[in-house]
Amino acid sequence: MEKVLSLIGPGDIGFHYYEILGLKPEKFQSELENIAKAIAESGWTIELLPDQGISLEIAKLYKQFGGKRVIGTAPISDKRYGIKHIQEYFNEKIQGKKLFDEIIDTEDWRDQNRLKALRGNAVLYLGISPGTEIEFNYGIYLYRLMKGFKKGVKAQAIQNIRAKDNFTCFVYSPFFSAKKLDNETEIYMEKYKINLKYVKNPRELKNQLIKF
């Protein structure tokens, strides 16, 4: 059975990783290569929004390292904001072949953002930004509703997601200034039975994905 890893991370690499976190470009690039290689060697498929940022860069490297499949999810049908600003990435190519093996229409930006973290069997959280916090926290909140943790609310099963009983959030510690999530978030995730795994390096990530 195909295992899908959803990627969420900041879009402005220079500002976030170089200026805020103070990472050196050469070190950062080496880290991305090793992350991509670890995911490719684990046999997982990856899912991401076709847009600039760390997720796209990992996807390109993942394919170069022999990764099996890249799924894009985007609100192609959205009428309020549209997708002109990301459309150029739909036809991204690596070694003469399309990067994205499939692009799924999530219909609008609301569902794109609130369901992003749940579109994989697990999610890889690659850094805190205003956008990634929306995606990550919406995932926690909706998983809570879906699994019946809110009294009086019986949410129907959410369509077109893969997050199930063993839903896991991998947090890549080197890309977080505090190296971890805040204490309150950890407690809520434990309450809602969401697996939280901190990974310190690509080797740990690969081992965790293989054990999943």
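This report describes strand 8, its neighbouring strands and a nonpolar surface patch in a predicted model.

Strand 8 spans residues 168–172 and is mostly covered, with five of its five residues buried. In a regular strand, side chains point alternately to the two faces of the sheet. In strand 8, T168, F170 and Y172 lie on one side, while C169 and V171 lie on the other, and the residues of both sides are all buried. Both faces of this strand are thus covered.

Strand 8 pairs with strand 7 and with strand 9. The table sets out the two pairings.

| Strand pair | Residues of the partner strand | Sense | Bridges |
|---|---|---|---|
| Strand 7 and strand 8 | strand 7: 122–125 | parallel | four bridges |
| Strand 8 and strand 9 | strand 9: 195–199 | parallel | five bridges |

Individual residues can be placed within these pairings. V171 in strand 8 stands opposite Y125. Y172 has V199 in strand 9 as its bridge partner. The connection from strand 8 to strand 9 runs through helix 6 (residues 183–191), and this β-α-β crossover is right-handed.

A separate feature is found on the surface, where I134, Y138 and Y141 form a nonpolar patch. Together these three residues have about 270 Å² of accessible area. Y141 belongs to helix 5, which covers residues 130–146. Y141 counts as partly exposed because its relative accessibility is 36%, a value between the limits of 20% for buried and 50% for exposed residues. By contrast, Y172 of strand 8 is buried.

How values were computed: Residues numbered from 1 in each chain as written. Predicted model: local features only at pLDDT ≥ 70, side-chain atom pairs only at ≥ 80, totals over all residues. Heavy atoms only, no water. Buried < 20%, exposed > 50% of the residue type's maximum accessible area, 1.4 Å probe, protein only. Helix = DSSP H or I, 4+ residues; strand = E, 2+ residues; numbered from the N terminus. Pairing = 2+ DSSP bridges. Right-handed = clockwise from strand over helix to strand, strands pointing away. Patch = residues over 30% accessible without salt bridge, like charges linked within 9 Å, V, L, I, M, F, W, Y side chains within 5 Å. Areas by Shrake-Rupley, 256 points an atom, 1.4 Å probe, with all protein chains shown as cover. Salt bridge = Lys/Arg side-chain N within 4 Å of Asp/Glu carboxyl O.
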